Number of protein chains: 2
Amino acid sequence: MNLRIPGPTPCPPEVLAASARQMINHRGRQFAALIGRVVERLKRFYRTQHDVLVLTASGTGGLEAAIVNTLSPGDEVLAVVIGEFGQRFAEIAEAYGAKVVRLEYEPGQAADPAEVRRALARHPKARAVLVTHNETSTGVTNPLAEIAQAVREAERLLLVDAVSSLSSIPVETDAWGLDVVVSGSQKGWMVPPGLAFVSMSPRAWEAYRQARMPRLYLDLGRHQRYLERGQTPWTPAVSVLFALDVALEMMEREGLENIFARHARIGQMTRDGVKALGLQLLAADERYASNTVTAVRVPPGVDERALRRLLEEEFGVELAGGQGELQGQVFRIGHLGWVREEDIRQTLDALAQALPRVGYELPARA
Amino acid sequence: MNLRIPGPTPCPPEVLAASARQMINHRGRQFAALIGRVVERLKRFYRTQHDVLVLTASGTGGLEAAIVNTLSPGDEVLAVVIGEFGQRFAEIAEAYGAKVVRLEYEPGQAADPAEVRRALARHPKARAVLVTHNETSTGVTNPLAEIAQAVREAERLLLVDAVSSLSSIPVETDAWGLDVVVSGSQKGWMVPPGLAFVSMSPRAWEAYRQARMPRLYLDLGRHQRYLERGQTPWTPAVSVLFALDVALEMMEREGLENIFARHARIGQMTRDGVKALGLQLLAADERYASNTVTAVRVPPGVDERALRRLLEEEFGVELAGGQGELQGQVFRIGHLGWVREEDIRQTLDALAQALPRVGYELPARA
């Protein structure tokens, strides 16, 4: 199966083989070497000198950790929402008693840094800004560096969902002044799901010391204390860590800049191919179209479920549907992590053959 | 390495091979079949007709789920504490604002159901009882059926940490009236860490509807709603689920009663072997000694770290140290999950050879 969903992403054979290693003592020396090596490499991909913690959780668990470790019930926060994952980030903050002000955009739009700046001026008490770097539900990448600049000028805390961007699209944790950055193993990292990564800036640790939202499983202070002795506070997903260790080594061999270039090239190839089929991107402005996932509008009269089922059953290509209000309105092509041009060529060929069979007429030149 | 710690436990080759399968779409039909099959089998091992949810988390995450889904800040709860894991369960409740009354025992003691009954009479407002079935830190198994009877008579909610007992030692979720029962993949289930299981009785769901502790990642209602359509709310640890699927099949082939008998036999063999070496169990009353982990008192003058290092480096046997206040006072032998008599024989032989080298004189007949 050519699994072209925005995570879990396919894993290279070496990574899968590492997943099958026999268990080790998570309180022993071999584990200490493993977690130490993994965290040092994660820091290089995060472009941070500060702390990166590894949690046994999905990306959503990582987002919850970002919130409960830096905020208190009643705190006002500004949530920049451009899709489902932005909503989820805001919803977590609300579940824990934050007062959430939303800066919302239509699906397909990116956030405007100038509007973030104005929203912060209107809400001087907002302690933190929640932002999704790459919105997996709409295939849009926010201009994070510019948003971060607005947040830094206003001296607020910046919590970033980089689950589907980090390691595939440039993120400069320290240079951009990002306080908490969350990612997940099953995205660009080419590893099975089960681990979330959370970076903490010195400002974030300062906020941690004041933060009063309840937490234990996701407590980052505990994770940090255990990490100092080469451990995690709770038994971690050891086999996913084995896989991550190998994947990070492969990524270092490829080189971060080369990985970014590959994603940019393949993202462009996907968008060009989709448009050549006469289809429309959901991304309103292609400058903000994502290099890890492309959301495509379902053409009028086409049953999106029938299209995806046909692609899966007859062409061996699995795409993702729309989430939330976009269900039936878009389909999504994942192109992050272990992806090559050939995977996208096959996907586009399959689309070209399948679309006419679900009632869509290809443009003459396609 | 003969990994004789109480989890992560060694995994059979078939289970490890399953961990290495390529990723699938967690919103697709293949995943729906997988999670459906796994949950039906988990219910048979839980001996419940009600719900079992699968979370991507360690056992501690499962314990936190038990609490935050059934309680509200300010609720009084009775925590039966016989060791580190009992303390941890209580600590989670406190972190979320519960008023915790502890019924504490010395390390090595089991809880007395009559005392639980009296404590509940003294604390008529205690809404729930937290109890560790098998205390991994002391190698003691609480008389859960009798404790449950006391809790049922008093009509309180019963939350059970069965992380290191369920599937190895009899647990009758429905027959004993256990409301929430938590287990973890890396214990008796012979699977890598990364998944927690949580059962919910109808009474527990009633409590869920009133419960006001904040939650999102660990929200069991969301897990239940997604499970109904063959999904999990967040991307799950897919490779650990592949492994669990195979392990549950192997366990069904062996048969639950045979698994219990094997653990009872191997538990007894471990205790007899340790005593034959002149060593003392931490368990004060052998009737409550655990069949999944044996905690052994470190003899006077022996450096427990040196002993474990020697066992590891020269004999290929890895034991666990003591936790918390028991550090340096006990070592622990795990014998749960994929364990055979031969593993314990090798462990006991290694101990017999290593102990004299760290200053312990074996009894004449050993």
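1. Let's start with one pair of residues in the middle of things: B:Val77 sits opposite B:Ala128, which belongs to strand β5 of chain B. Keep in mind throughout that this is a predicted model. The pair in question is part of a longer match, as β3(B) and β5(B) (residues 128-132) run parallel and are joined by 4 bridges. Two other pairs on these strands are worth finding on your screen: B:Ala79 faces B:Leu130, and B:Val80 has B:Val131 as its bridge partner. If you're new to sheets, here is the background: strands pair through backbone hydrogen bonds, in either a parallel or an antiparallel way.

2. Stay with β5(B) for a moment. How many of its residues are buried? The count is 5 of 5, so this strand is mostly covered, because a residue is called buried here once 20 or more other C-beta atoms lie within 10 Å of its own. Side chains in a regular strand alternate between the two faces of the sheet. You can follow that here: B:Ala128, B:Leu130 and B:Thr132 point one way, B:Val129 and B:Val131 point the other way, and all of them are buried. β5(B) also pairs with β8(B) (residues 157-161), again parallel, through 5 bridges. In that pairing, B:Val129 has B:Leu158 as its partner.

3. Now look at β3(B), residues 76-81. Why is it described as largely enclosed by the rest of the structure? Because 5 of its 6 residues are buried. Besides β5(B), it pairs with β4(B) (residues 99-104), in parallel and over 6 bridges; one of the matched pairs is B:Glu76 with B:Lys99. To get from β3(B) to β4(B), the chain passes through helix α4 (residues 84-95) of chain B, and this β-α-β crossover is right-handed.

4. Time to zoom out to the whole sheet of chain B. It is open, has 7 strands in the order β2-β10-β9-β8-β5-β3-β4, and its pairing is mixed. The edges are β2 (51-56) and β4 of chain B; each has a single partner strand, so one side of each is left without a neighbour in the sheet. On average, neighbouring strands are turned by 20 degrees against each other, direction ignored. Helix α8 (residues 220-228) of chain B lies across β2 and β10 (195-200) of that chain, at about 105 degrees to β2(B).

5. Chain A has an open sheet of 7 strands too, in the order β2-β10-β9-β8-β5-β3-β4 with mixed pairing. Its edge strands are β2 (51-56) and β4 (99-104) of chain A. Inside this sheet, β8 (residues 157-161) and β9 (residues 180-184) of chain A run parallel and are joined by 3 bridges, and A:Asp161 stands opposite A:Val182 of β9(A). Helix α2 (residues 29-46) of chain A packs on the sheet, where it touches β2, β9 and β10 (195-200) of chain A, and its direction is about 120 degrees from that of β2(A). Helix α6 (residues 144-153) of chain A lies across β3, β5 and β8 of chain A, at about 160 degrees to β8(A).

6. What about the nonpolar core? The largest one has 260 residues, and A:Val80 and B:Val80 have the most contacts inside it. As a general rule, nonpolar side chains in soluble globular proteins tend to be buried together. Apart from its neighbours within four places in sequence, A:Val80 has contacts that include A:Leu103, A:Val129, A:Val131 and A:Ile147.

7. How do the two chains relate? Chain A can be laid on chain B by a turn of 180 degrees and a shift of 0.0 Å along the axis, with an RMSD of 0.0 Å. The two copies are thus related as by a two-fold rotation axis. The same surface serves both copies, with 100% of the contact residues of chain A recurring in chain B.

8. The contact between the chains takes 44 residues from each of chain A and chain B. On the chain A side, the elements giving two or more residues are α1 (13-19), α3 (59-68), α4 (84-95) and α9 (238-254). α3(A) makes the largest share, with 4 residues.

9. Last one: find A:Trp234, in the loop between α8 (220-228) and α9 of chain A. Is A:Trp234 buried or exposed? It is buried, because 24 other C-beta atoms lie within 10 Å. Setting aside neighbours within four places in sequence, A:Trp234 is in contact with A:Thr56 and A:Tyr217, and across in chain B with B:Ser58 and B:Thr60. A:Tyr217 is 17 residues away along the chain, yet the two C-alpha atoms are separated by 7.9 Å.

Technical notes. Residues are numbered from 1 along each chain as its sequence is written. Chains are lettered from A and ligands numbered from 1 in the order in which they are written. This is a predicted model: local features need pLDDT of at least 70, side-chain atom pairs count only at pLDDT 80 or more; totals for chains, interfaces and linings use all residues. Copies are superposed by least squares on the C-alpha atoms of residues with pLDDT of at least 70 in both. Two residues are in contact if their C-beta atoms, placed from the backbone, lie within 7 Å. Two strands pair if DSSP finds at least two bridges between them. Axes are lines fitted to C-alpha atoms, for helices over the stretch in contact, and angles run from 0 to 180 degrees between N-to-C directions. A residue is buried if 20 or more other C-beta atoms lie within 10 Å of its own, exposed if 12 or fewer, and partly exposed in between; C-beta atoms are placed from the backbone. A crossover is right-handed if, with the strands pointing away from the viewer, the path from the first strand over the helix to the second runs clockwise. A nonpolar core is a set of buried Ala, Val, Leu, Ile, Met, Phe, Trp, Tyr and Cys residues joined through C-beta atoms within 7 Å.
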